[in-house]
Number of protein chains: 2
Amino acid sequence: MTETRLDAVKLDGAGPVYDQIRRAIRDLVVSGEWPPGTSVPPEHALMEQLGASRMTVHRALVQLAREGLIVRRRRSGTVVATPPASHAMLDILSIPEEVRQLGQAYAYEVLARTDGRPSPEVAELFGLKRSDKVAHLIVLHRADGKPHVLEERVIHAAGVNGLADEDFAETPPGDWLLQHSLWSQAEHAISAIGAGEEQAALLEIAEGEPCLLVERRTWNQSQPVTAVRLLYPGFRHRFVGRFGPYGAA
Amino acid sequence: MTETRLDAVKLDGAGPVYDQIRRAIRDLVVSGEWPPGTSVPPEHALMEQLGASRMTVHRALVQLAREGLIVRRRRSGTVVATPPASHAMLDILSIPEEVRQLGQAYAYEVLARTDGRPSPEVAELFGLKRSDKVAHLIVLHRADGKPHVLEERVIHAAGVNGLADEDFAETPPGDWLLQHSLWSQAEHAISAIGAGEEQAALLEIAEGEPCLLVERRTWNQSQPVTAVRLLYPGFRHRFVGRFGPYGAA
DNA sequence: GATATCTAATTGCATATGCAAATAGCAAGT
DNA sequence: ACTTGCTATTTGCATATGCAATTAGATATC
C-alpha cells in the first residue's frame, strides 16, 4: 500500500470537470506513478483538493472503476487495480498459464540468448536505433513434454530494469516481463506460415507444415518494450474468442 | 424513425434504479424490439413514466451511450445506434469492405448453393436438428481479380427472413445477413491449415500451402443464425489488432 | 485473550435545482 | 426562395443534500 501524493492530481481545465478528474487519475495510473495497490484519496479529500463537489468526484471515480483501473469498496476506500493479466480476445500473454489451463504439464527451455545490438531487421521492425541494447531469446515451450510453441523474442534493455541480471531459469521471459515492465500499447498480428527447416525440427513437425504465427509488439509510452514471434503448429491450435455486437462478452 | 412505445420500458425492482432503467432499455435494444434508428423517449418522458428523477434517468442513458447502444444529441434527442459493423480485434464482418479498404477492386462469385437439410457434420457443429432447413453456400471473393478468400457458409433458414427468395446476386451472403438478421453472440476461432486440393485450385495456390482458417458462428438469443469458414491464403494475409492493458484502444 | 458491540469513515444511490449548450422548427423579413 | 433570428426542446454538467450500506478499527465485555 504505497503512499499517495494527494497533490499529484491536477486538473487541466479542458472539458467537463468530471472528465478532467478522470483523466488526471487515469494518467497517474497508466503512467505507473500510482502502481497497483496504491490507495486513491477518498472522495472528500479529492473534493477539497480540487474544489469540486463530491458528486462530481464520485462520477469520475465510478467511471474509472467501470473501466477497471481502480477498485472501490465501502469504508476501505479506493485502490489502483492490478491490471488483468490476459486480454479478452486472443490471449496468450502467459504461455505457462495457457498450457496449464489445458490441463497439461508445462516446461520450457531457453535455447539461445544473445545480448547486444539489434540486427538490422530487428531494428527496422521495432523502430530501434542500431546503438540500442537488446536481448535476443529463443525459447521452446512444452506441454506434456511435447513442443507447444516456439518463441523468438527481442527485449529492449532500456525499457526494462534488471534485464542483464536475469537468466530466465525460473520464469520464462514473457511472464518475467509482465512483472518487471509496464506496457501501454500492444499490437497483435496473426498469420499463417509454413514451418522452416529449423523451426520444424524444434517443434518436431514436418517442414512446411502450416503454423499459426502470432507476432506481438508492446510499447510503454511509445518506447518499445518487447517484440515476440510465437509459432504454433497449426493443426494443434486454435484461438477462440466470443463476443456480442456491442463488444466483448 | 420507428414509433416508440413508451410503456415498453419496465423496471424489475432488482438493484439500483438507474441500473434497472439501463437494463430495461438495453434489453429492448438487443432484442430488436427497438431496432436501430428508433427514437428513445426523452428524459422527461421516462422520468414521468418511471417515477424517477431526471438525473437518475440521465445516468442510465449516459451509460448506455458510453456502451454504444444509443446515440444522444442535444435537442434532437436519443436514438438507438446502428451497431458497429466491425469488431475491434479481428474483424472481417464485411469482406467487401475489407477489400475496398485495401484499395482493391472487389468482386465475388457464388460457386454453389444448396438448400435443404444439414449434413450430419454441419448439424453437429451447429447444434441443429437434422430436420432443420439450411442453405449451404460456397462463395469466392476476389480482390483486384485475384482470389482473396474462400467462404463456406451455412445459414439456418428459421433464423432469417426472406432467405429462400434471395439469390445473393447483388450482395454476398455475409453482408446480406448483416442487414436481414440480428445476432447477439458470436464465436471466432482462428487456426492454420494447409489448403486441400479443391481449395487450392479455387484460390489459385499450391496444395498444402498454409492458410488462415477463420471460423465464425453466430447466434441470436441462443438460436443459431449462421456458421462460416473463411480460408485465407496465409502468405497474403494477417490480422492485426491494437489495444492497451485495460482494454481495446 | 477472545468475542461481541459500537462508531465513524467511506462509498453508493437518489433527489431537487439551476444553468449551459446545441439545435430543430418556426416566423419574420427581404 | 433565401436568410435571419427567435424560441422551445432536449441533453450536458455541476452542486447541495440526505440517507443507506458496508466495514475497519476502537471499545467494551466476558
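Trainee: What does Val110(A) stand opposite in E5(A)?

Mentor: In this predicted model, Val110(A) faces Val139(A) of E5(A).

Trainee: What makes strand E4 and strand E5 of chain A a pair?

Mentor: Pairing takes at least two bridges between two strands. E4 (residues 106–116) and E5 (residues 134–143) of chain A have 10 bridges in the antiparallel sense, so they count as paired.

Trainee: And which strand pairs with E5(A) over 10 bridges to form a hairpin?

Mentor: That is E6(A), residues 146–156, again antiparallel. Across this pairing, Ile138(A) stands opposite Glu152(A). The hairpin of E5(A) and E6(A) has two residues between the strands, and Asp144(A) in the turn shows a positive phi of about 50°.

Trainee: Let's move to chain B. How do you know that E1(B) and E3(B) pair?

Mentor: The same kind of test helps here. E1(B) and E3 (residues 77–80) are joined by two bridges, and the requirement is at least two, so the pair qualifies. In one of these matches, Val40(B) has Thr78(B) as its bridge partner in E3(B).

Trainee: Why are E1 and E2 of chain B called edge strands?

Mentor: The open sheet runs in the order E1-E3-E2, with antiparallel pairing. Strand E1 (39–40) and strand E2 (70–73) each pair on one side only. Helix H3 (residues 54–66) of chain B lies across E2 and E3, at about 115° to E2(B).

Trainee: What makes a residue part of the surface near DNA strand D?

Mentor: Its C-beta atom has to lie within 6 Å of the strand. There are 22 residues around DNA strand D, and the closest are Val17(A), Ser53(A), Thr56(A), Arg75(A) and Pro42(B). Helix H1 (17–30) and helix H3 (54–66) of chain A give two or more residues each, as do helix H2 (43–50), H3 and E3 of chain B. H3(A) gives the most, with three residues. By class, the surface has eight nonpolar, six polar and eight charged residues.

Trainee: Last one: which residues have the most contacts inside the largest nonpolar core?

Mentor: They are Cys211(A), Leu212(A), Cys211(B) and Leu212(B), in a core of 55 residues.

Trainee: How do you know that Cys211(A) touches residues of chain B as well as chain A?

Mentor: Contact calls for C-beta atoms within 7 Å. Leaving out residues up to four places away in sequence, the partners of Cys211(A) include Ile193(A), Ala195(A) and Leu231(A), together with Ala192(B) and Pro210(B). Those last two are in chain B, and that settles your question.

Notes:
Residues numbered from 1 in each chain as written. Chains lettered and ligands numbered in written order. Predicted model: local features only at pLDDT ≥ 70, side-chain atom pairs only at ≥ 80, totals over all residues. Core = buried A, V, L, I, M, F, W, Y, C linked by C-beta atoms within 7 Å. Buried ≥ 20, exposed ≤ 12 C-beta atoms within 10 Å, placed from the backbone. Helix = DSSP H or I, 4+ residues; strand = E, 2+ residues; numbered from the N terminus. Axes fitted to C-alpha atoms, helices over the stretch in contact; angles between N-to-C directions. Nonpolar A, V, L, I, M, F, W, Y, C, P; charged D, E, K, R; others polar.
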